[in-house]
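Please read this short report alongside the sequence and the 3D view. The topics are charged pairs, surface patches, one helix and one strand residue.

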Amino acid sequence: FYGFKLHLVINDRGELLAFQVTPANTDDRQPVPKLTQGLTGKLLGDKGYWSKKLFETLMEQGLQLITRVKHNMKNQLMPVEDKILLRKRALIKTVNDQLKNISQLEHTRHRSMANFRVNLLCALIAYTWQPKKPSLQWATEAHMLCV
């Protein structure tokens, strides 16, 4: 069994913008700068993506990282639009669920790394060709991305 994490970046229309596979013991924040190269707008993530260093790195790229605050952090004022967007972060959970259940990405009986890669790429390709992807009904000029 090859333990892995699949890191995805999607837009508000549910389209895949970038992906990266890392070993299961890799910190979630490590692949984010590479995944988001060339992207601008707002980047939504869960609490595990918050770090001051990552926030500053992404801000230099033109991305605003928006996460919920951790229990040991000071509560910061946040625009109402960003609070609403955080509630819509379930979109990435829906995409992950479709990859696991419809494309059967959690299949763990691969006998070689090549079979694993083929299965992963086929699942991602099948998802991109779905006629109806999960999406947000959001009318704004800001680009919203999810990790």
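Arginine 29 and aspartate 27 form a salt bridge, and their closest N and O atoms are 3.1 Å apart. The model is a predicted one, and every value in this report is computed from it. Arginine 29 counts as partly exposed because its relative accessibility is 27%. Aspartate 27, at 38% relative accessibility, is partly exposed as well. Side chains of opposite charge can pair when their charged atoms come close.

How many salt bridges does the structure hold? There are three. The table lists them with their N to O distances.

| Positive side chain | Negative side chain | N to O distance |
|---|---|---|
| Lysine 5 | Aspartate 28 | 2.9 Å |
| Arginine 29 | Aspartate 27 | 3.1 Å |
| Arginine 13 | Glutamate 15 | 3.3 Å |

Take the pair of lysine 5 and aspartate 28, whose side chains meet in a salt bridge. Lysine 5 is in strand 1 (residues 4-11), while aspartate 28 is in the loop between strand 2 (16-23) and helix 1 (32-35), so this salt bridge ties together parts that are 23 residues apart in sequence. Lysine 5 has a relative accessibility of 25% and counts as partly exposed. Aspartate 28 also counts as partly exposed, at 23%.

In the pair of glutamate 15 and arginine 13, the side chains again meet in a salt bridge. Glutamate 15 is partly exposed at 33% relative accessibility. For arginine 13 the relative accessible area is 49%, and this residue too is partly exposed. The limit for exposed is over 50%.

Charge also appears on the surface in another form. Lys47, Arg68, Lys83, Arg87 and Lys88 gather there in a patch of positive charge. One of these residues, arginine 68, is found in the loop between strand 4 (63-66) and helix 3. Its relative accessibility of 44% makes arginine 68 partly exposed.

Another member of the patch, Arg87, leads to helix 3. Which residues of helix 3 (residues 80-87) are buried? They are Asp82, Leu85 and Leu86. These buried residues lie on the same side of helix 3, because they cover an arc of only 100° around the axis. An α-helix has 3.6 residues a turn, so residues three or four places apart point the same way. The face of helix 3 turned away from the buried side carries Val80 and Arg87, which are exposed.

The surface has a nonpolar patch too. Phe19, Val21, Leu121, Ile125 and Trp129 make this patch, which covers about 520 Å². Strand 2 and helix 5 (113-128) are the elements that give two or more residues to the nonpolar patch. Phenylalanine 19 lies in strand 2. With 39% relative accessibility, phenylalanine 19 counts as partly exposed.

The last residue is in strand 4. Is leucine 63 buried or exposed? Leucine 63 has a relative accessible area of 0%, and therefore counts as buried, since the limit for buried is under 20%. Leucine 63 lies in strand 4. Between the C-alpha atoms of leucine 63 and threonine 36 the separation is 8.4 Å, although these residues are 27 residues apart along the chain.

Conventions:
Residues numbered from 1 in each chain as written. Predicted model: local features only at pLDDT ≥ 70, side-chain atom pairs only at ≥ 80, totals over all residues. Heavy atoms only, no water. Buried < 20%, exposed > 50% of the residue type's maximum accessible area, 1.4 Å probe, protein only. Helix = DSSP H or I, 4+ residues; strand = E, 2+ residues; numbered from the N terminus. Arc of directions from axis to C-beta. Patch = residues over 30% accessible without salt bridge, like charges linked within 9 Å, V, L, I, M, F, W, Y side chains within 5 Å. Areas by Shrake-Rupley, 256 points an atom, 1.4 Å probe, with all protein chains shown as cover. Salt bridge = Lys/Arg side-chain N within 4 Å of Asp/Glu carboxyl O. Lys, Arg positive; Asp, Glu negative; His and termini not counted. Charge placed at Lys NZ, Arg CZ, Asp CG, Glu CD.
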